[in-house]
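Work through the exercises below with the sequence and the 3D structure open. Try each task before reading its solution.

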Amino acid sequence: MQRGFSMGTTLTRWLTILLTGLLLQACGFQMRGTAIPPELMTMKVVGDNKSDFYRLVTTRLKAAGVQLADKEGIPVLTLSGVGSTSQVASVDSIGQAREYVLGYNTQFTVSMPGKPTQVFPIAFNRSFLNKPDAALASSREQEQLGKEMQEQAANLVIRQLSQVKF
């Protein structure tokens, strides 16, 4: 009798897993992947090749198996300039800025011969707590936050490239 109960439980588990999978598929859920489409596996990258952002993106592209070439008739990834902003978010009782909102924005375009150019904007914000009594630590923290935002933007470029459809 125990064996029949076990088979019913196993069957119920499999049916639950199958039903959950079908529901996720029906609602349009897709796992985010970083698989770059085959037509973008060879491309030309245009931008400020001396910038950290350019280097981060090209390094990630190479790690994903993309061949970077400088020839005609292949897709072109154009990295636009990077912008950053800093706005006061809060002040203390004596009027000193305590919290800032750091903004990071850029955009990139993908052009393929015979296809319309696709534009992808990237923009996000991070909050930063300023500590006037530890100015050196605050400036290092702000610098580290800037580097992390560049890395996040480079990761977003790769992730969005995996979603490009021609």
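**Exercise 1.** Which residues does Phe108 touch, not counting residues up to four places away in sequence?

*Solution.* The model is a predicted one. Phe108 touches Leu77, Thr78, Leu79, Gln118, Val119, Phe120, Ile122, Val157, Gln160 and Leu161, once residues up to four places away in sequence are left out.

Next, place Phe108 in its core. The largest nonpolar core has 29 residues, and those with the most contacts inside it are Leu61, Leu77, Phe108 and Leu161. Two or more residues of this core come from each of E1, H2, E3, E5, strand E6 (118-129) and H3. H3 gives the most, with eight residues.

**Exercise 2.** Check the length of helix H2 (residues 52-63) against its expected span, and state what covers its buried residues.

*Solution.* Step one: H2 has 12 residues, so at 1.5 Å a residue it should span 16 Å. Step two: the end C-alpha atoms of H2 are 16 Å apart, which agrees. Step three: the buried residues in H2 are Phe53, Tyr54, Leu56, Val57, Thr58 and Leu61. Step four: their cover includes strand E1 (42-46), strand E2 (67-68), strand E3 (76-79), E5 and helix H3 (135-161). Just after H2, Gly65 has a positive phi of about 95°.

**Exercise 3.** Is Asp92 buried or exposed? Find the partners of its side chain.

*Solution.* Asp92 lies in the loop between strand E4 (83-91) and strand E5 (97-111). Its relative accessibility is 18%. Buried means under 20%, so Asp92 counts as buried. The side chain of Asp92 reaches the backbone nitrogen of Ile94 at 3.1 Å, and makes a polar contact with the side chain of Arg98 at 3.0 Å.

Terms used
Residues are numbered from 1 along each chain as its sequence is written. This is a predicted model: local features need pLDDT of at least 70, side-chain atom pairs count only at pLDDT 80 or more; totals for chains, interfaces and linings use all residues. Side-chain values use heavy atoms; hydrogens and water are left out. Helices (H or I, at least four residues) and strands (E, at least two) are DSSP runs, numbered from the N terminus. Buried means under 20% relative accessible area, exposed over 50%, partly exposed in between (1.4 Å probe, protein chains only). A polar contact is a pair of N or O atoms within 3.5 Å; within protein, one must be able to donate a hydrogen and the other to accept it, and residues adjacent in sequence count only if both atoms are side-chain atoms. The expected span of a helix is 1.5 Å times one less than its number of residues. Contact means heavy atoms within 4.5 Å. A nonpolar core is a set of buried Ala, Val, Leu, Ile, Met, Phe, Trp, Tyr and Cys residues joined through side-chain atoms within 4.5 Å.
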